[in-house]
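Could you walk me through this protein in the viewer, one selection at a time? I'd like to know what to click on next and what sits there.

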Amino acid sequence: MARLGALRPPPCALLLLAAALGVCAFYYLGAGRETFSSATRRLRATRAPGPARPAPRPAPRRFHLLLMFTKAARSPALQARGQAALRSLLRHASFEPGQVLHLHFVSEPPSREIARGLLRPLLPGLPFQCQVTFHDVDVLTEQLFPVVESMQKHFSAGSGSYYSDSIFFLSVAMHRIMPPEIERIIQLDLDLKYKTNIRELFEEFDHFLQGAVIGIAREMQPVYRHTFWQFRRENPQTKVGEPPPDGLPGFNSGVMLLNLEAMRQSQLYNQLLEPDMVRQLTEKYHFKGHLGDQDFFTMIGMEHPELFHVLDCTWNRQLCSWWREHGYSDVFDQYFRCEGQVKIYHGNCNTPIPED
């Protein structure tokens, strides 16, 4: 990649073309973060002295997306999923002038280099501004652990398992990790395929009701019908674990809209993070899960559904059908049904995603 200072100034006739089409990549090192950005290069021809310069343009509006990309060096399958997700995301994305798509990756050094390699052929030539920031997974884990330590034993599969790591509770406490200037962010799984402009998903924030802090789609399998079995047996009239539209099937964390500012301001939400509250609710619902943040959001959603804006299933069309063959074939389709044009496919439990 050529350094900006090494470029020979083009003839004047090419300056306007470069201003419109030029894309440059740069690195920013510092504060424990690393930024690899693609941004439209703005070049100005020399002007003769004249009237005072106009007021500076307002700061661009940023649309923040966060993706977990860890342990990729040992998983070619993860690399392939990441490549497919990024390709479809950027192919369908469209933003207006003055808007920036800001991608955040949570990675360790080897995965960071792999992510860079996936991004390099995708960023040049984008018709909008895109910035990429890498966050060190160890730094974030250290910050998260004091907040989520008490809940890991309730929502993790066990020591050494994928979801037992604190980082997989990042969404739960992201409002305490991200800088205050980031007010909204969307966290996305890697096993997704995008069929529409991701900009449209940000519009869902505008539909949050008073008190809602998170947007999330329902779980599309009877996972929590199973997990809440004891509570359901003791409360036969409950809606907990029942299918939609009238039941409470729980949530799936593959696509999450996090209103960080609302999370910071919500006294109720922050009370629910306290160890005593987590213990009380897990005891009430006899809850023992293994899916990390998804379990936590599902449990508190049973108690306080007003904290959540429920996304339409087309924004997280889950494809896994494992529970159909494991004891719930009679009710499975009540959970799995999803009508409408799919906007995001979710190939959870390694389920193949339909080809274009």
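Here is a tour that goes from the whole chain to the cores, a sheet, some odd backbone spots and the salt bridges.

**Before you click**

This is a predicted model, in which local features need pLDDT of at least 70 and side-chain atom pairs count only at pLDDT 80 or more, while totals for chains, interfaces and linings use all residues. Numbering starts from 1 along each chain as its sequence is written, and side-chain values use heavy atoms, with hydrogens and water left out.

**The whole chain**

Start with a cartoon view: there are 13 helices and 12 strands. Helices (H or I, at least four residues) and strands (E, at least two) are DSSP runs, numbered from the N terminus.

Now switch on the surface. The protein exposes about 18,300 Å², and 52% of that comes from carbon and sulfur atoms; the areas are Shrake-Rupley values with a 1.4 Å probe, and for residues only the protein chains shown count as cover. Of the 356 residues, 51% count as buried. Buried here means under 20% relative accessible area, exposed means over 50%, and partly exposed is in between (1.4 Å probe, protein chains only).

For contacts (heavy atoms within 4.5 Å), take the pairs at least 6 apart in sequence: 79% of them join residues at least 24 apart.

**Into the cores**

Select Tyr269, Phe296, Phe297 and Ile300. These touch the most other members of the largest nonpolar core, which has 55 residues. Helix α4 (residues 137-155) gives the most to this core, with 7 residues. A nonpolar core is a set of buried Ala, Val, Leu, Ile, Met, Phe, Trp, Tyr and Cys residues joined through side-chain atoms within 4.5 Å.

Keep Phe296 selected and show what surrounds it. Leaving aside neighbours within four places in sequence, Phe296 is in contact with Met151, Phe155, Val172, Tyr269, Leu272, Leu273 and Val278. Apart from this core lies another, of 42 residues; pick out Ile186, Phe208, Val255 and Ile344, which are among them. As a general point, nonpolar side chains in soluble globular proteins tend to be buried together.

**A small stop at a sheet**

Next, select β7, β12 and β11. They make an open sheet of 3 strands in the order β7-β12-β11, with mixed pairing. The edge strands are β7 (192-194) and β11 (317-318), each pairing on one side only. Two strands pair if DSSP finds at least two bridges between them. Zoom in on β7 and β12 (residues 344-346): they run antiparallel and are joined by 3 bridges. One to label is Lys193, whose bridge partner in β12 is Tyr345.

**Backbone oddities**

Go to the loop between α8 (229-234) and β9 (251-259), where you'll find Pro245. Pro244 and Pro245 are joined by a cis peptide bond, with omega about 10 degrees.

Then hop to the loop between α11 (275-284) and α12 (293-303) and select His286. His286 is not a glycine, yet its phi is positive, about 50 degrees. How exposed or buried is His286? His286 counts as partly exposed, at 30% relative accessibility.

For another positive phi, move to the segment after β12 and click Asn350. Phi of Asn350 is near 60 degrees, again in a residue other than glycine. Asn350 is exposed, with a relative accessible area of 62%.

**Salt bridges to finish**

How many salt bridges are there? The count comes to 13, taking a side-chain nitrogen of Lys or Arg within 4 Å of a carboxyl oxygen of Asp or Glu.

- Select Glu113 and Arg116: their side chains meet at 2.5 Å, N to O. Both lie in helix α3 (residues 109-119), 3 residues apart, about one turn of the helix. Glu113 is partly exposed at 43% relative accessibility, whereas Arg116 is buried at 6%.
- Select Glu261 and Arg264: this salt bridge spans 3.4 Å, N to O. The two are 3 residues apart in helix α9 (residues 260-265), so about one helical turn separates them. Glu261 is partly exposed at 29%, and Arg264 is partly exposed at 23%.
- Select Arg279 and Glu283: the closest N and O atoms of this salt bridge are 3.6 Å apart. Being 4 residues apart in helix α11, they are separated by about one helical turn. Arg279 is partly exposed at 36%, and so is Glu283, with 49%.

For the last selection, take Arg91, Lys193, Lys195 and Asp356, which salt bridges with shared partners join into one network.
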